[in-house]
Amino acid sequence: MIAKAALAQFEDADVVRHFWPMVRSQQHLDRILGEISANPGLVLFTLVNTETRDRLEQRCATLGLPCVAALDAVTNALEQQLGQEARGRPGRQHMMDEAYFQRVDAIQFTIAHDDGVGWENWEEADILLAGVSRSSKTPTSIYLANRGYKVANIPIVVESPPPPTLFTVRRPLIVGLTTSPERLIAVRRNRLLSLNQAPETAYVDSEHVAREVQYARRMFADNGWPVIDVSRRSIEETAAAVITLYNERKAAAETNSGMKAL
């Protein structure tokens, strides 16, 4: 992610990326070093084991390759702020702790409640995403599930209104996803072409699509649900906006609860 963010600052950079995750032993590193030698370039690493990273740095120096420890600056700053030394234990971020099992549970829930399925359990969700077909509901749901949120997504179809449960749930945050009719038509055309289906149907008819979008937006407004326009957003950006809304709602609820207790 650091490499991707940095590369975005350069125009027309033709880069080939190689990714070697979960490197926890000298033997594993030695196998990778052969590949690095065959594909020389900038080496970014997040190794924390002293012996392993020393070996990598020495080998890169021998090969004349730049080698950057991507987490060092952040780790050093955290040591100063927290007043303790980093443990340097490999794979700590991948430990199967409570948060890990929470993510697994969230992913299972989200997969089981895709595209309007399992409406009986929507009250158990953290977030409900509603929107017309091809408005990024499923990929956004999966991304959020990987962050530990239980998500269900509901298609908004003019000819088939959603279950009444959508309008009565209290626990989940309901967010409407919308987009411009023009972008929606383009996305849907590409979808039909990828499936070798006829590209000219009501699914991509401009008047029909505009009516769908208007119907969904009216539903969102009538129910006071926050709305995110995904026209120019990546999945990550949409998910980040949803998480912000979720945290704001949670903070407001906690504040109100505290005022009642007082």
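What follows is a dialogue on reading a predicted model of one protein chain, from its overall form to an annotated site.

Me: Before I look at single residues, how many helices and strands should I expect in the protein chain, and what does the radius of gyration say about its form?

Reply: This is a predicted model, so every value here is computed from predicted positions. The protein chain has nine helices and six strands. Its radius of gyration is 24 Å, whereas a compact globule of 262 residues would have a value near 18 Å. Along the principal axes, the C-alpha trace spans about 65 × 60 × 30 Å.

Me: How should I read burial and contacts for the whole protein chain, and what share of its residues is buried?

Reply: A residue counts as buried when its relative accessible area is under 20%, and by that cut-off buried residues make up 30% of the 262 residues in the protein chain. The protein chain exposes about 16,700 Å², with carbon and sulfur atoms supplying 52% of that area. As for contacts between residues at least 6 apart in sequence, 70% of them join residues at least 24 apart.

Me: Where does UniProt place the feature "binding site"?

Reply: An annotation of this kind comes from a record and may be inferred rather than shown by experiment. The UniProt entry, which is unreviewed, places the feature at G131, V132, S133, R134, S135, S136, K137 and T138. Of these residues, S133, R134, S135, S136, K137 and T138 are included in the lining of the second largest pocket.

Me: What can be said about the second largest pocket, and which residues lie nearest its centre?

Reply: The second largest pocket holds about 350 Å³ of space. Its lining comprises 21 residues, and those nearest its centre are S133, R134, S135, K137 and Y203. The elements that each give two or more residues to this lining are α6, β4 (151-155), α7 (181-194) and α8 (206-223).

Me: Taking two of the annotated residues, is G131 buried or exposed, and which residues is R134 in contact with, leaving aside its neighbours within four places in sequence?

Reply: G131 lies in strand β3, which covers residues 127-131, and because its relative accessible area is 0%, G131 is classed as buried. Leaving aside neighbours within four places in sequence, G131 is in contact with K137, I154, P155, I156, L177 and F220. R134, by contrast, is placed in the loop between β3 and α6 (137-146), and its relative accessibility of 35% makes R134 partly exposed. With the same kind of neighbours set aside, R134 is in contact with L184, V187, R188, R191 and Y203; Y203 also appears among the residues nearest the centre of the second largest pocket.

Me: Backbone angles are a further feature to read, so what is the sign of phi at S136 and at D115?

Reply: S136 has a positive phi of about 70° although it is not a glycine. S136 is found in the loop between β3 and α6, and it counts as buried because its relative accessible area is 16%, under the 20% cut-off. D115, also not a glycine, has a positive phi of about 60°. D115 belongs to the loop between α5 and β3 and, with a relative accessible area of 47%, is partly exposed.

Me: How far apart are the C-alpha atoms of A112 and V151?

Reply: Separation along the chain and separation in space are read independently. A112 and V151 are 39 residues apart along the chain, and their C-alpha atoms are separated by 9.6 Å. A112 lies in helix α5, residues 98-112, and at 41% relative accessibility A112 counts as partly exposed.

Definitions and conventions:
Residues are numbered from 1 along each chain as its sequence is written. This is a predicted model: local features need pLDDT of at least 70, side-chain atom pairs count only at pLDDT 80 or more; totals for chains, interfaces and linings use all residues. Side-chain values use heavy atoms; hydrogens and water are left out. On a 1 Å grid over the protein atoms alone, a cavity is a set of points where a 1.4 Å probe fits but cannot get out, and a pocket is an open set with protein on both sides within 12 Å along at least five of seven lines; lining residues have an atom within 4 Å of a point. Helices (H or I, at least four residues) and strands (E, at least two) are DSSP runs, numbered from the N terminus. Buried means under 20% relative accessible area, exposed over 50%, partly exposed in between (1.4 Å probe, protein chains only). Contact means heavy atoms within 4.5 Å. The radius of gyration is taken over C-alpha atoms; the globule rule is 2.2 Å times the number of residues to the power 0.38. Accessible areas come from the Shrake-Rupley method with a 1.4 Å probe; for residues, only the protein chains shown count as cover. Grid points are joined across faces, edges and corners, and a volume is the space filled by probe spheres set on the points.
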